[in-house]
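Please open the complex in your viewer and keep the selection panel at hand. The tour below goes from one selection to the next, and says at each stop what is there.

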Amino acid sequence: MISLTKDRFGGVLFLLLSLSYGYYAADIPLLPGDKFEPFHAQTLPYWLAGLGSFLALLLIVSKATPSTQETPLSRANVSLMLGLLALTLLFSLSLPWLGFPATTSLFLIASYWLLGERRLKMLVLASVPFALIFWLLLTEVLEVYIAPARILYW
Amino acid sequence: MLDGMFSGLATALMPFNLLMVVVGCFAGTFIGMLPGLGPISAVALMIPITYTLDPSSGIILMAGVYYGAVFGGSTSSILINAPGCASTLVTTFDGYPLAQKNQAGKALALAAYASFTGGTIGAIILIFTAPALASVSLSFQSADYFALMLLGLTSVAAFSGKGQVIKAMMMTVFGLMIATVGNDVITGAPRYTFGALDLVDGVSFLLLAMATFALAEVMMTIMRGQMHGSEQAMQPVALSSMKLSRDEVKEVAPTIARSSVFGFVVGVLPGAGATIASFLAYGLERNIAPPRLRKMFGKGALRGLAAPESANNAASTGSFVPLLTLGIPGSGTTAIMLGALIAYGIQPGPRLYLDHPDVFWSVIISMYFGNLVLLVLNLPLIPYISRLLAIPPQILNPLIIFFSIIGVYLVSFNTFDIQIMVFITLLAVGLKLLNFPMAPMLLGFILGGMLEKNLSRALVVSDGSFDFLWQRPLTFSIVCITVVILVLPWLLGLVKSRLKATLPAAY
């Protein structure tokens, strides 16, 4: 019986991706007469879907390679990574509303705190002056236009 | 050729471009030192900055960062046994034991001299080989280009290591799939946009590079817990004397010369790159060393440090040959540079030599300056630069994340790009955990558009028949090499397993 190794799991995911990629290739609009041309907008997607499926099947049926010694991932570190990505998402959502200096300062303070920094002085000094200097550098020195916070006009 | 060379020299000697070399080397050294972040991440982090510069200055800055990162990787390999990138992994074999014997200064100096010589010899060979290859490749047709791209994509997969070939090919296909998102380059038909206006122009190269190589690398470092406990390891080591004795120089000089030429040749091969060059050079030196010295390998042999250091720098230079002359990147890092050049509206390849001789030559000439900067400025400053490593990781990592996302935002001023970036980072982290290599994906993505255009042209010219693959001797030769490269790993594996079965004692 085939056991579900990391490789095979990746293979199954890629097979599904290739099949759905091929399925949606049919939605690509063609110009009139394109069907009679040797190469049109759907050609490469169909070939790639076929090649991708073939390679995925090859990976699924091939002998599993011995896994290399890796440091096991701890749940805490995975949560840390997800937390940082969530903060990045929050950064993108709050940037237009709170403006560059405030969003950057808050993002940095929250990230430092998430990664274990608890000294208040360090949290503030490594974020607020950095955000202000970077913002001044962008707007005053490099003359990059950065939209002001929308909240100020509410 | 001389006109172009002088124009390139004048461009490279412009004070601003010299400054870019210095800044690039410093920034690269620092980023390259950070465990987990290698030349690809360092160059990716520089892309947003280069968008504000003219093409020559931008590419010069990137080349400086590339060298600096390779050098920085060697420094952390020697000082804290943590290679900054894969190509400096071999440096730890003998570099760290030397540091443990209180010879860290000597090891760093030797690494710098070897890197300088490797880079210089590589740059000299490049000056002569690149124009020759560029003039030959002027006669290339669409079919040849298509075959060449196939060769580039195949060899990146083939050289990706044991058990990784299929996965690397899958990632190449995945990169090609991502490249098809957006309006079709030939007919303008929307593909895989699902009605989203933000996807009409396709996935941004900068966004993909930053998400997969800068942001995902930091996330992996955090997830593997490498930031914990590394603070102590990153404390600067007291460096001893940086002087090498006359006998030591005599011992390593032939090694450096051999490894430089060898490294350059390996670097030219698309997909092989600096990592394979450093491993092969180390193996070669160990095999040809007299038994007395062979025993020292792995315990602090000077030859064992000089060989990979000169080979990886020469290979970095060599990887510019296919990029500048054929428009096909030889490594992940040069793939990012190719993307940056395309973003400037410059198409690397044989026409680059004719249409933009200033870019072509200034890059080659600035490589030499880059090596000089690393030797003259960086080496004495290493004790001070390495102190930057003492910045606590809980402060450093959020700053790297910030620079990655703000780099993408400052190009498009669209916060939706940051959200896509988070999604791609999550996907890249998942793929990395499943041991899928990322460089082939980026290569596939960058070459996708060109590959489709050339394939379409070749098929239209040959009326839908694939005989263009064997009609011209040149195309046929490239196709044959591609097939050999594709089959080689399987053949070698087969031979090895047969040998293992017959000669078990030998293994």
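Begin by selecting B:Ala123, which lies in helix H6 of chain B, and bear in mind throughout that the model is a predicted one. Is B:Ala123 buried or exposed? B:Ala123 counts as buried, because 22 C-beta neighbours lie inside 10 Å and the cut-off for that class is 20 or more. To see what surrounds it, leave aside the neighbours within four places in sequence and add B:Thr317, B:Ile364, B:Met367 and B:Tyr368 to the selection, as B:Ala123 is in contact with these residues. Then place a distance label between the C-alpha atoms of B:Ala123 and B:Asn371, which should read 9.5 Å, although the two are 248 residues apart in sequence.

Stay with this helix and move to its packing partner. Select H5(B) together with H6(B): their axes come within 7 Å and cross at roughly 145°, and the crossing is right-handed. On the side of H5(B), the residues that make the contact are B:Thr91, B:Gly95, B:Leu98 and B:Ala99, while H6(B) brings B:Ala104, B:Lys106, B:Ala107 and B:Ala111. Coloured by class, the residues of this contact divide into five nonpolar, two polar and one charged.

Next, select B:Asn102, whose place is in the loop between helix H5 (89-100) and helix H6 (104-136) of chain B. Its backbone deserves a look, since most residues other than glycine have a negative phi. Phi of B:Asn102, by contrast, is near 65°, a positive value in a residue other than glycine. B:Asn102 is partly exposed, because 13 other C-beta atoms lie within 10 Å.

A second residue to inspect in this way is B:Asp463, in the loop between helix H21 (439-461) and helix H22 (468-471) of chain B. Phi of B:Asp463 is near 55°, which is again a positive value in a residue other than glycine. Which class of exposure does B:Asp463 fall into? B:Asp463 is exposed, because 9 other C-beta atoms lie within 10 Å and a residue with 12 or fewer belongs to that class.

For a further buried position in chain B, select B:Gly73, which is found in helix H4 (residues 55-80) of chain B. B:Gly73 counts as buried because it has 33 C-beta neighbours inside 10 Å. Add B:Ile31 to the view: B:Gly73 and B:Ile31 are 42 residues apart in sequence, and their C-alpha atoms are 8.4 Å apart in space.

Before leaving chain B, colour it by confidence. Chain B averages a pLDDT of 81, and 91% of its residues score at least 70. Among the elements of chain B, strand S2 (residues 190-191) has the highest mean pLDDT, at 93, and helix H10 (residues 230-233) the lowest, at 46. Selecting residues 228-234 of chain B shows a stretch where pLDDT stays under 50, and for which the model has seven contacts beyond four places in sequence. Where pLDDT is low, the predicted coordinates should not be read in detail.

Now select chain A, which averages a pLDDT of 88, with 93% of the residues scoring at least 70. In chain A, confidence is highest in H4(A), at a mean of 95, and lowest in helix H6 (residues 128-141), at 88. Chain A is divided into domain 1 (6-61) and domain 2 (75-153), and the C-alpha centres of these two domains of chain A lie 41 Å apart.

Keep H4(A) and H6(A) selected. Their axes come within 8 Å and cross at roughly 145°, in a right-handed crossing. Among the residues that make this contact are A:Phe100, A:Pro101 and A:Leu108 of H4(A), and A:Phe130, A:Phe134 and A:Trp135 of H6(A). The residues of the contact divide into nine nonpolar, two polar and no charged.

Finally, show both chains. How many residues of chain A are in contact with chain B? There are 50 such residues of chain A, in contact with 43 residues of chain B. The elements that give two or more residues to the side of chain A that touches chain B are helices H1 (6-25), H2 (43-61), H3 (75-98) and H4 (100-114) of chain A, and H3(A) gives the most, with twelve residues. That side of chain A divides into 35 nonpolar, 13 polar and two charged residues. For the model as a whole, the scores are ipTM 0.89 and pTM 0.78.

Definitions and conventions
Residues are numbered from 1 along each chain as its sequence is written. Chains are lettered from A and ligands numbered from 1 in the order in which they are written. This is a predicted model: local features need pLDDT of at least 70, side-chain atom pairs count only at pLDDT 80 or more; totals for chains, interfaces and linings use all residues. Two residues are in contact if their C-beta atoms, placed from the backbone, lie within 7 Å. Helices (H or I, at least four residues) and strands (E, at least two) are DSSP runs, numbered from the N terminus. Ala, Val, Leu, Ile, Met, Phe, Trp, Tyr, Cys and Pro count as nonpolar, Asp, Glu, Lys and Arg as charged, and the others, Gly among them, as polar. Domain bounds come from an automatic or database domain assignment. pLDDT is the predictor's confidence in each residue, from 0 to 100. Axes are lines fitted to C-alpha atoms, for helices over the stretch in contact, and angles run from 0 to 180 degrees between N-to-C directions. A crossing is left-handed if the near helix is turned anticlockwise from the far one by less than a right angle, and right-handed if clockwise.
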